[in-house]
Amino acid sequence: MASPAPLVASISHQMVALQTLQLLQQEWGWGDGPRAPGSLRDLDHVSAAPARRSAPMRAGPGPGREERGGEGRSSGTGARASSCEVEVVRGAEGGAELRPFPRDRGPCTLARMAMRSALARVVDSTSELVSGEQTLLGPLQQERPFPIHLKDSVEFRNICSHLALQIEGQQFDRDLNAAHQCLKTIVKKLIQSLANLPSDAHMVACASLRQILQNLPDI
């Protein structure tokens, strides 16, 4: 029986990319948090998300603690702390994770709505791809090996990590489009790899992959 190691490695890179994109959605208030298939929540891929999003909140003095010299905080410091706390509470009320320094999402424009839709398509299609690879392609790879292009999944992971570091603008749009195209390339190459294995199981897998392609129109 052939080892499924290349497929497992490819799925692992895709899951890192998926988690990164879901965290981006969550930060922008565009998603309900990670809900990827398999054991995504159990993976230790914190490094895939930008470190600047994990800045710790500055805790105030607890009960019984005294301010040094008996003096309270300066009004400027207090105002900054209050502003930070308000933002965190608003985030919590909105269902997102607590984050002390959220981005200014600004008004909802047509361009922003289009960007949100494009990001959602990439996230949903990546989730569907990972599920299909785990449930359909995994057993097929063990029974009869087929080519797996690992470098494409590595590139997809790297693009998504770079995308998460961008602020809205042309570079963000370019990275999002690159992620979209790279994901399509991964799916197309999988279909090509399965094309020469015309069993019923392979036909089912190909049909599932073609459905993912239909959900990824050019942007």
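What is the volume of the second largest cavity? About 30 Å³, and we will visit it on this tour. Before you start clicking, keep in mind that the model is predicted.

**Stop 1: the whole chain**

Begin with a cartoon view of the full protein chain. You will see six helices and zero strands, so colouring by helix is a handy choice for this tour. From one end of the sequence to the other, the pattern reads α-α-α-α-α-α. Now switch on the surface: the chain exposes about 12,600 Å², and carbon and sulfur atoms supply 53% of that area. Of the 219 residues, 38% count as buried. If you like drawing contacts, take the pairs at least 6 apart in sequence; 76% of those contacts join residues at least 24 apart.

**Stop 2: the largest cavity**

Next, go inside. A search of the whole structure turns up two cavities of 30 Å³ or more. The largest of them holds about 80 Å³ of space. To centre your view there, select Ser 10, Ile 148, His 149, Ile 186 and Leu 190, which are the closest to the cavity's centre among the 14 residues that line it.

Now show the helices around this space. Select α1 (5-27), α4 (150-163) and α5 (170-195): each supplies at least two residues of the lining. Which helix gives the most to the lining of the largest cavity? Highlight α5, which contributes five residues. Colour the lining by residue class and you will find five nonpolar, six polar and three charged residues.

**Stop 3: the second largest cavity**

Time to move to the cavity from our opening question, with its volume of about 30 Å³. Select Glu 128, Gly 132, Glu 133, Leu 136, Leu 137, Ala 205, Ser 208, Leu 209 and Ile 212 to display its lining. The elements giving two or more residues here are α3 (110-143) and α6 (200-214), so show both of these helices in the cartoon.

Where does the largest share of this lining come from? Pick out α3, which provides five residues. Keep the residue-class colouring on for a last look: the lining of the second largest cavity divides into five nonpolar, two polar and two charged residues. Flip back to the largest cavity and its lining shows five nonpolar, six polar and three charged residues.

**Before you close the viewer**

For a parting view, show both cavities together: α5 gives the most to the lining of the largest one, while α3 brings the largest share to the lining of the second largest.

Notes: Residues are numbered from 1 along each chain as its sequence is written. This is a predicted model: local features need pLDDT of at least 70, side-chain atom pairs count only at pLDDT 80 or more; totals for chains, interfaces and linings use all residues. Side-chain values use heavy atoms; hydrogens and water are left out. On a 1 Å grid over the protein atoms alone, a cavity is a set of points where a 1.4 Å probe fits but cannot get out, and a pocket is an open set with protein on both sides within 12 Å along at least five of seven lines; lining residues have an atom within 4 Å of a point. Grid points are joined across faces, edges and corners, and a volume is the space filled by probe spheres set on the points. Helices (H or I, at least four residues) and strands (E, at least two) are DSSP runs, numbered from the N terminus. Ala, Val, Leu, Ile, Met, Phe, Trp, Tyr, Cys and Pro count as nonpolar, Asp, Glu, Lys and Arg as charged, and the others, Gly among them, as polar. Buried means under 20% relative accessible area, exposed over 50%, partly exposed in between (1.4 Å probe, protein chains only). Contact means heavy atoms within 4.5 Å. Accessible areas come from the Shrake-Rupley method with a 1.4 Å probe; for residues, only the protein chains shown count as cover.
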